[in-house]
Amino acid sequence: MDISEKTRPAAGRIALIPALVCAALSVGLMRSGVISFFFLVPLGFGALAYNRAGAWFSFAAAAVLNAAVSLAFAAYYRAGPAGAGLDILYYTVMSLGFTWICSGVFPEKTGEKPPFRVRTAYRFILASLAGSFCFLFIGYVTRNSSGLNAVIRSQAEAFSSLYISSSGADAARRSFLEHVLTPDNIVKFMQAIALRGAALVSCFFMFFISRQLSLSLVRILRRKHPAEAQSLWNFHVPPRAIWVLSLSLALILLSNLAKAEIPEIAAWNMLAVCVMLFLAQGGGIVLYNFKYRPIPPLGRMIINVLIVIMIFSPGINALALGLLVLLGIAENWLPLRAPVRDGPASTPGP
């Protein structure tokens, strides 16, 4: 993301029109239905394409506009302030965390170092934790909502029916699945995995995908390219993360033995954080080798096709993600991103 001072507003100056456009697009996408998943991308683009002041102004404008729209919809449909409040809370927490992730990437002046700067990986973790807490809080507050419960139960019933019908003519297996995969059990399982890292992982992936899309738009629309320090292929997990990973596994085992649910939930979330970091490191290793290894164009095309097939193949994609996590862990002991030497090997002098 090598954006020079000539192409960016000066420190403290706000590109007012782009900031307001990004804010309006974000709020519009939030209520677009199918593509609402991408509501953070305009804010990321504004933060990455312009300066820090513009990024925070865009967030503030988006938060105010979203609050006004939420209250207006609540008044129009006579839904009450509670639903609007939860909508405002969700949007504000997610957009605040994402703006923090994307802003402050560039120094306002060449060579200037901010007095206090949190590493990008830690910003991802903290923002994802805040987002997951918000998501779980909303789920807790709306747990008695008849409409939400009806939607969740209908999805659970559809999943149960689909999986049981795929069991074939085996009567014993079908009877077992009918006993185990009841809608109530599926709902309880969904709640359990959400508490044990699924909510955190969902927020992490949402922030990561939104940031990558924002970077792509900056490359296309602003013709700027990421600096090496901010590229995934150059990402390294903090060295002590492997010990945190080991500790989380031990805590999960001990918590299960002691039947302590709250420490177990905390340990699972700690494990989820470590897995996400090592997954990113594994992806960085793969990208590094694609970048610096002599792969012919046909080979690169075949690899890209295989990656697309892998992403959309259930089972295979889970296996590939697991292998990337193991690859990221292995770099703690193996030099998997050693520089490639294109020239002849050096010879000792006379």
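In this predicted model, the side chains of Arg 196 and Glu 261 come together in a salt bridge, with 3.6 Å from N to O. Arg 196 sits in helix H8 and Glu 261 in helix H10, so this pair ties together parts of the chain that are 65 residues apart in sequence. Arg 196 has another partner too: Glu 264 forms a salt bridge with Arg 196, and here the closest N and O atoms are 3.5 Å apart. Again the link joins distant parts of the chain, with Glu 264 in helix H10 and Arg 196 in helix H8, 68 residues apart. Put together, Arg 196, Glu 261 and Glu 264 make up a network of salt bridges. The two glutamates don't share the same kind of surroundings, though: Glu 261 counts as partly exposed because its relative accessibility is 47%, while Glu 264, at 12%, is under the 20% cut-off and so is buried.

Searching the whole structure turns up four salt bridges. One of them pairs Asp 87 with Arg 31, whose closest N and O atoms are 2.8 Å apart. Asp 87 belongs to helix H4 and Arg 31 to the loop between H1 and H2, so to speak a link across 56 residues of chain. Both partners are partly exposed, Asp 87 with a relative accessible area of 22% and Arg 31 with 30%.

Now for the overall picture. The chain has twelve helices and zero strands. Of its 350 residues, 36% are buried. Among contacts between residues at least 6 apart in sequence, 77% join residues at least 24 apart. About 20,800 Å² of the chain is exposed, and carbon and sulfur atoms supply 70% of that area.

Helix H4, home of Asp 87, covers residues 81-102. With 22 residues at 1.5 Å each, H4 should span 32 Å, and its end C-alpha atoms are 31 Å apart, which agrees. Its buried residues include Tyr 91, Met 94, Phe 98 and Thr 99. The cover over the buried part of H4 includes helices H1, H2, H3, H5 and H8.

Thr 99 gives a close-up of that buried side. Its relative accessibility is just 2%, so Thr 99 counts as buried. A polar atom of the Thr 99 side chain lies 2.7 Å from the backbone oxygen of Ser 95. Beyond its neighbours within four places in sequence, Thr 99 is in contact with Leu 43, Ala 55, Trp 56 and Phe 59.

Ala 55 and Phe 59 are themselves among the buried residues of helix H3. H3 has 26 residues and reaches 37 Å from its first C-alpha to its last, close to the 38 Å expected at 1.5 Å a residue. Cover for its buried residues includes H1, H2 and H4. Right after H3 comes Arg 78, with a positive phi near 55 degrees.

On the outside, Val 34, Ile 35, Phe 37, Phe 38, Phe 205, Ile 209 and Leu 213 form a nonpolar surface patch, with about 590 Å² of accessible area together. Leu 213 belongs to helix H8 and counts as partly exposed because its relative accessibility is 33%.

Back in helix H10, which runs over residues 261-292, there is also Val 275. At 26% relative accessibility, Val 275 counts as partly exposed. Its C-alpha is separated by 9.8 Å from that of Ala 241, a residue 34 places away along the chain.

Notes. Residues numbered from 1 in each chain as written. Predicted model: local features only at pLDDT ≥ 70, side-chain atom pairs only at ≥ 80, totals over all residues. Heavy atoms only, no water. Helix = DSSP H or I, 4+ residues; strand = E, 2+ residues; numbered from the N terminus. Buried < 20%, exposed > 50% of the residue type's maximum accessible area, 1.4 Å probe, protein only. Polar contact = N/O pair within 3.5 Å; in protein donor to acceptor, adjacent residues only side chain to side chain. Contact = heavy atoms within 4.5 Å. Expected span 1.5 Å × (residues − 1). Patch = residues over 30% accessible without salt bridge, like charges linked within 9 Å, V, L, I, M, F, W, Y side chains within 5 Å. Areas by Shrake-Rupley, 256 points an atom, 1.4 Å probe, with all protein chains shown as cover.
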